[in-house]
Amino acid sequence: MAASAPDAVDERLPLGRLLPLAAQHVLAMIAAPVSTVFLIATGLRLPADRTAALLSATLLLCGAGALLQSFGVLRTGSRLPFVMLPGGAAAALFLRTAQEHGAATASGSVLLAAALLLAVLPLYRRIVRFFPPLVMGATVLVIGVNMIDVAAPMAVGGTGLAVVTIAATALGFLLLRGVWRQLSVLLGMAVGTLTAVLTGAPFHHVPGGGVLALPRLFPYGAPHFDLLAALPLMVFALASLAEATGQTVLNSEAVGRTPDPARDVPRTARADAVASLGAGLLGGTVMVTSAENIGIVQLTGVRSRFVTAGAGGLLVLGGLCAPVTRLLAALPTPVVGGASLVIYAVIAAMGIGLLRRTDLADRGAVTVVALTLLAGLLPVLAPEWYRPLPDWARTLFGSGVPAAALTAVVLSALFARWGPGRRRPVQDAPRVSPSS
């Protein structure tokens, strides 16, 4: 009797077809790790060679994460066509922690956040209910605004280049369709870079002439562990469970597999945690599985996890190829800044989209959203409010994202239990990523 055909997600494609499909996934996600590395490097004033090393490490981690999610090893990885990225919101939290407590403490915070995520996975079902769309929507909106505040200085040094990059990206979103539209950010960066060449704008000089690029272990020194300083990234790690739930369910549906969150979400999140442990050792921020590529799966109809495994292999090769990392690290900061502003503005808009899934005619819901925005935006708009506070309180409430997340979680739970009408909490997890 003939063997049954494999499921679409397990289909093995010939190399000549697999490689271009894998490259398409890489092109659709490459702008996110590049802009994240520039955000961190600019904020920490890293020299060009260390920026290139951080970019190499980030691409390697993205590739290793994609391979882990696609293949799945020892219940780590969902065996779905996923790619992995550094968390955009996590990058902002990492940078603020580094600026306030030192880069070594920021690396220690990443390791603590990854360890916490691994520790709570057995309690997954009890934890994820505290992050319904009301909580995630308000928090993601605050994340977007806070990240715009962090990224804006990158564009100030060359406003014209940043504007050209933003305009080209917007035109891409307006005029392009399908997969090309997903490349709008990358195309915007290409137009901005070409403008920089034509106008004689300065590029970063990246020393070194070797072919092999290797990341640096503990680039900021031995990690320093401070639970209070790590709290923002630890809260983000817990909130990422809701994100992982929505993405895993959505990807399962996209490949024709019956969703099984209880089985698959812990595997997805476990791979995130393992990649984040690597990031903590190599100077990066928390890594998260991304929904960036799910649209490509739906558009092309190619559901094989071996395609994203191929993308992971290409990312690993790119991370190890010194000319590639030097070229990316040499890009003018205003160009990457303009692309970052677009990405983070889209994140804020995604938060608004999540809030639309909540009944904002409910006075309790409106109160939760209003107070969450107040807690999250005051540190940006009036940071002087927090200067008289003791160090522990300034760390907890003086950073917009953790303050907003804690406010949203606590108030949502209180209003759901004791508020007017005792709103029933929404259990369906968001399907939009706050990390893109």
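Let me start with one residue, Ser184: it is buried, because its relative accessible area is 0%, under the 20% cut-off. This is a predicted model, so please take every value as computed from the prediction.

Ser184 belongs to helix H10, which covers residues 184-199. Setting aside neighbours up to four places away, Ser184 is in contact with Thr169, Gly172, Phe173 and Leu176. There is also a C-alpha distance to note here: Ser184 and Ala168 are 16 residues apart along the chain, and their C-alpha atoms are separated by 7.9 Å.

One of those partners deserves its own look. Thr169 sits in helix H8, residues 159-175. Is Thr169 buried or exposed? Thr169 is buried, again with a relative accessible area of 0%. Beyond its neighbours up to four places away, Thr169 touches Ser184, Val185, Gly188 and Val342. The side chain of Thr169 also has a polar atom 2.8 Å from a backbone oxygen, that of Thr165.

Now the protein as a whole. How many helices and strands are there? The protein has 19 helices and two strands. It has 436 residues, of which 58% count as buried. If we take contacts with a separation of 6 or more, 84% of them are between residues 24 or more positions apart.

Next, helix packing. Two packed helices are described by the angle between their axes and the distance between the axes. I have two pairs to show.

The first pair is H11, residues 227-254, and H12, residues 261-282. Their axes are 9 Å apart, and the packing angle is about 120 degrees. That angle makes H11 oblique to H12, because roughly perpendicular stops at 115 degrees and roughly antiparallel needs over 145. The crossing of these two helices is right-handed. On the H11 side, the contact is made by Leu241, Ala244, Thr245, Thr248, Val249 and Ser252. H12 contributes Pro261, Asp264, Val265, Thr268 and Ala269. Sorted by class, the H11 and H12 contact has six nonpolar, four polar and one charged residues.

Stay with Ser252 for a moment, since it is one of the H11 residues in that contact. Ser252 counts as buried, at 1% relative accessibility. Which backbone oxygen does the side chain of Ser252 reach? The side chain of Ser252 reaches the backbone oxygen of Thr248, at 2.8 Å. Thr248 is also listed among the H11 residues that make the contact with H12. Leaving out residues up to four places away in sequence, Ser252 touches Leu80, Arg257, Pro259 and Asp264. Of these, Asp264 is among the H12 residues in the helix contact.

The second pair is H3, residues 48-71, with H15, residues 322-329. Here too the angle is about 120 degrees and the axes are 9 Å apart. That makes H3 oblique to H15. H3 passes H15 in a right-handed crossing. The H3 side of the contact consists of Ala48, Thr51, Ala52, Leu55, Ser56 and Leu59, and the H15 side of Thr325, Leu328 and Ala329. What is the make-up of this contact by class? The contact of H3 with H15 has six nonpolar, three polar and no charged residues.

To close, back to where we started: Ser184 in H10 and Thr169 in H8 are in contact. Ser184 is buried, and Thr169 is buried.

Notes. Residues are numbered from 1 along each chain as its sequence is written. This is a predicted model: local features need pLDDT of at least 70, side-chain atom pairs count only at pLDDT 80 or more; totals for chains, interfaces and linings use all residues. Side-chain values use heavy atoms; hydrogens and water are left out. Helices (H or I, at least four residues) and strands (E, at least two) are DSSP runs, numbered from the N terminus. Buried means under 20% relative accessible area, exposed over 50%, partly exposed in between (1.4 Å probe, protein chains only). A polar contact is a pair of N or O atoms within 3.5 Å; within protein, one must be able to donate a hydrogen and the other to accept it, and residues adjacent in sequence count only if both atoms are side-chain atoms. Contact means heavy atoms within 4.5 Å. Axes are lines fitted to C-alpha atoms, for helices over the stretch in contact, and angles run from 0 to 180 degrees between N-to-C directions. Angles under 35 degrees count as roughly parallel, over 145 as roughly antiparallel, 65 to 115 as roughly perpendicular and the rest as oblique. A crossing is left-handed if the near helix is turned anticlockwise from the far one by less than a right angle, and right-handed if clockwise. Ala, Val, Leu, Ile, Met, Phe, Trp, Tyr, Cys and Pro count as nonpolar, Asp, Glu, Lys and Arg as charged, and the others, Gly among them, as polar.
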